[in-house]
Amino acid sequence: MFTGLFSRLLLVAALVAGVAQARDAAPASPSQLYGELFKRVQTERLLADSKTFAEAGAKAEPAEILRRYAAQKTRGDFSLKEFVAANFEIPAAATGDFRTAPREEIRAHVDRLWDTLSRKPQESQGADSQLPLVSRYVVPGGRFREMYYWDSYFTMVGLQVSGREDLVAGMVENFASLIDRYGHIPNGTRTYYLSRSQPPFFAAMVELQAEREGVQALIRRLPQLELEYAFWMDGAKDLAPGTAYRRVVRMPDGSVLNRYWDDLATPRDEAYAEDLATARNSGRPAPEVYRNLRAAAESGWDFSSRWLADDVTLASIRTTDFVPVDLNSLLYQLELTIARGCEAARRPDCQRDMQAHAKARRNAMSTFLFSGRLDAFTDFDWRNKRQSLRLTAAAVYPLFVGLADPPLAARVAGTIRASLLMKHGLATTLQDTGEQWDAPNGWAPLQWIAVAGLRRYGEEKLAAEIASRWVEENTRVYCRTGKLVEKYNVRDAGAGAGGEYPVQDGFGWTNGVLIKLLAIYPDLAREKYEFKGTECRPSLAYRARHQIVLPQRVVLEPVRGVGAEFAAQLGRFGRLRGVELLHQL
C-alpha cells in the first residue's frame, strides 16, 4: 500500500533537491548571527519581550556590529543598552498608531484594519530577520509583525468577505514562493522560524481560491502542494512500527501518521530567556525540552496542557510523543486536495495514490484517534501506546475536513455540546493551567473550525449557537474598548489571558472569523455594533431563535460513558476560581 507513496515521495524529494540547488542556503537566525551578543541581550532582559530583539534591524553589517562588540565589551564604561541602541533599530507594534473612531461600526473597523495590517513585500538584506516575500500580505497585529502560516488561513476567510481577493491571492503566492525556496512553509516569515512549520493549511487556502476560480487553482498550486506533502512525510519509508522520525510516526499496525516537530533543539530566538528558564527547571536534558517547546510552537498551541505530561507544568512538555488529531486531519485534507489537483491535471496514477493514502490515514485515525471513553477524537501517545484522555477543541478537526463518519460526527457534536460549549463560545480545553491554549480561553480559529465542521455534518443548531456566543463576546468587548483581540475568556467574559506575552490586539484571525460569521448568520449581521465605550450584545430575538437547552451542571458520573479520569477533568474545570460549572445564557 505504501509503495506508491514512497515512489512519489522520492520523486518529489528530487524536485526539492533541485529547488534547493537553485537557491541560496537558508539565512542564519539572529542567535546564529550574533552569538554571545544575542545571548547577553536576551538573558539580561534588556527588552521586556524576547521577540523584539530577534526582529531588530541592524544599522550595519552583522560582522561589523560583532567587531564593535568585541572591541567594546571589556571596557569599564561599556553599556549593553547603549550599544544595542546605537547598532539596532527596535521595531514598533504592527498596529502602530491605529485608533478606532468613535461610534465606528465593527465591519467598517475591520475593513479599515486590513490596510493597517497589510504590508508590502520586503527584501531582506541579511540585516534583519525578515524573509523576503513577493507580494502584499497581512500580519496578525501587535507584537506579530510578520506573516504567519496558520493564522493566515483564518484571515483569508474574512478577507474574502471584505472583497479583498487581491490580498488572498498575494498571500497564497507568498506561501507558494516559500515552499519553492525552502521546501516548506515556515512558522512565520522570519529566519528563526525556518526550522519548523505550522498546522498545514496551505491546501485549505488553495481550496478557498478553487471555490472562486475552479480547478485551475488546484492545477496551478499542485507542485507546491506535493512539495509540502513531501516535507511532512520525510522519513516514512524506513520506519519500523512503534518508531518515529522527524514528523512521521509508524503506528503499531504499520500505518503512518504524523506528529509536530522542530529540526532544532535549542532555545527559540523569540523566547530565548523563557526557554532557558523552562529547561533549567525541568530536571531533564535541555535539548529534549527545547525540542518539545519548539514542536508545540509548530502546533500553534503554544502552550497547552494537551502537551504536558503532568497536565500543569510547562517543564513536563512532551509534544513530540503525541500523534495529534488536528495535524492528521489537515494532512488528510492535503492528500485529497492533491488527488483533486492530479485528477484535474490528468495524472490518474497520482490521483489513485493520494486517494489511497487519504483512505489509509482515515482508517488509522479511526483506529487510534477516536476515543470511545471521551466520545471524541483525541491525540495518541505513540511512545506509551495509549490515547490521551484530554478533551480539547481539536476534536472537531475531523469534521472540518469531512473525515468522520456521520455517526462519529454526531457523537463528537454531543460531546462538544455537553462539555466544551461555554457561555461565550467553545473552550479550548477543560484545564486551567495559566497557559494560553487552555481554559478559560477561546480562540477564533477553533470557533471557525467547529462552526464549519458542524455545519458540514448538518449540526446547524449547535454551529449557530457557538457562532452566536462567540460573536456576542467579540462585539461586547469591541463596543466597550474599540478593540478585537487575539483570544477571549469564554467562561467569565472579556479578553483572554495567560501565556508568554500580554493579550494582543489587531487581530488578523479574530477579524477574519468574526466577519465570516456575520456573513453566514444574517440575523447577527443585522445588529449594530459600534465603539461607544459601553457593552453591546445581539438582540434577545436572535438568541431565542437559536437557543440550545444545555444541562445546568455537569454530572460527573456517568457522563455519556466517560471514565473517571475525564469526569475528573470536568470537575476540575467546574471548580475553577469557585465558579460552578454552569452553562447559562
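## Helices H16 and H17

In this predicted model, the buried residues of helix H16 are Leu 408, Ala 409, Val 412, Ala 413, Gly 414, Thr 415, Ile 416, Ser 419 and Leu 420. H16 covers residues 406-420, which makes 15 residues. From the first C-alpha to the last, H16 reaches 20 Å, close to the 21 Å expected at 1.5 Å a residue.

Helix H17 (residues 444-456) has 13 residues. Its end-to-end C-alpha distance is 18 Å, close to the expected 18 Å. H17 is mostly covered, with 10 of its 13 residues buried. The buried residues are Ala 444, Pro 445, Leu 446, Gln 447, Trp 448, Ile 449, Ala 450, Val 451, Gly 453 and Leu 454. Just after H17, Gly 458 has a positive phi of about 80 degrees.

## Crossing of H2 and H11

Two packed helices are described by the angle between their axes and the distance between the axes. For helix H2 (residues 30-43) and helix H11 (residues 272-280), the axes come within 8 Å and cross at roughly 80 degrees. The crossing angle therefore makes H2 roughly perpendicular to H11. On the H2 side the contact is made by Phe 38, Lys 39, Gln 42 and Thr 43, and on the H11 side by Tyr 272, Ala 273 and Leu 276.

## Surroundings of Ala 54

Ala 54 is part of helix H3 (residues 50-54). Ala 54 counts as buried because its relative accessibility is 1%, against a cut-off of under 20%.

Leaving out residues up to four places away in sequence, Ala 54 touches Pro 30, Phe 38, Gln 42, Ser 129, Tyr 192, Asp 269 and Glu 270. Among these, Phe 38 and Gln 42 also belong to the H2 contact with H11. Asp 269 is 215 residues from Ala 54 along the chain, yet the C-alpha atoms of the two are separated by 6.1 Å.

## A buried glutamine in a loop

Gln 198 sits in the loop between helix H8 (165-182) and helix H9 (202-213). With a relative accessibility of 5%, Gln 198 counts as buried.

The side chain of Gln 198 has a polar atom 3.1 Å from the backbone nitrogen of Trp 150. A polar atom of the Gln 198 side chain also lies 3.5 Å from the backbone nitrogen of Tyr 149. Apart from neighbours within four places in sequence, the contacts of Gln 198 are Tyr 148, Tyr 149, Trp 150, Asp 151, Ile 185, Asn 187, Trp 232, Ala 297, Glu 298 and Gly 300.

## Two open sheets

One open sheet has three strands in the order E5-E6-E7, with antiparallel pairing. Strand E5 (243-245) and strand E7 (256-258) are the edge strands, and each pairs on one side only. From one strand to the next, the twist averages 25 degrees. E5 and strand E6 (residues 248-250) run antiparallel and are joined by three bridges. In E6, Arg 250 is the bridge partner of Thr 243.

Another open sheet has three strands in the order E8-E11-E12, also with antiparallel pairing. Strand E8 (322-323) and strand E12 (386-387) stand at its edges with a single partner strand each, so one side of each has no neighbour in the sheet. Strand E11 (residues 380-381) pairs with E12 in the antiparallel sense over two bridges. Phe 380 stands opposite Gln 387 of E12.

## Backbone exceptions in loops

A cis peptide bond joins Asp 302 to Phe 303, with omega about 10 degrees. Phe 303 lies in the loop between helix H12 (286-299) and E8, and E8 is an edge strand of the sheet E8-E11-E12. Another cis peptide bond joins Ala 439 to Pro 440, with omega about 5 degrees. Pro 440 is in the loop between strand E14 (425-426) and strand E15 (441-443).

Arg 103 is not a glycine but has a positive phi of about 65 degrees. Arg 103 lies in the loop between strand E2 (88-89) and helix H6 (106-117). Arg 346, likewise a residue other than glycine, has a positive phi near 60 degrees. The loop holding Arg 346 runs between helix H13 (325-344) and helix H14 (348-368). Arg 346 counts as exposed because its relative accessibility is 76%, where exposed means over 50%.

Technical notes: Residues are numbered from 1 along each chain as its sequence is written. This is a predicted model: local features need pLDDT of at least 70, side-chain atom pairs count only at pLDDT 80 or more; totals for chains, interfaces and linings use all residues. Side-chain values use heavy atoms; hydrogens and water are left out. Helices (H or I, at least four residues) and strands (E, at least two) are DSSP runs, numbered from the N terminus. Buried means under 20% relative accessible area, exposed over 50%, partly exposed in between (1.4 Å probe, protein chains only). A polar contact is a pair of N or O atoms within 3.5 Å; within protein, one must be able to donate a hydrogen and the other to accept it, and residues adjacent in sequence count only if both atoms are side-chain atoms. Contact means heavy atoms within 4.5 Å. Two strands pair if DSSP finds at least two bridges between them. Axes are lines fitted to C-alpha atoms, for helices over the stretch in contact, and angles run from 0 to 180 degrees between N-to-C directions. The expected span of a helix is 1.5 Å times one less than its number of residues. Angles under 35 degrees count as roughly parallel, over 145 as roughly antiparallel, 65 to 115 as roughly perpendicular and the rest as oblique.
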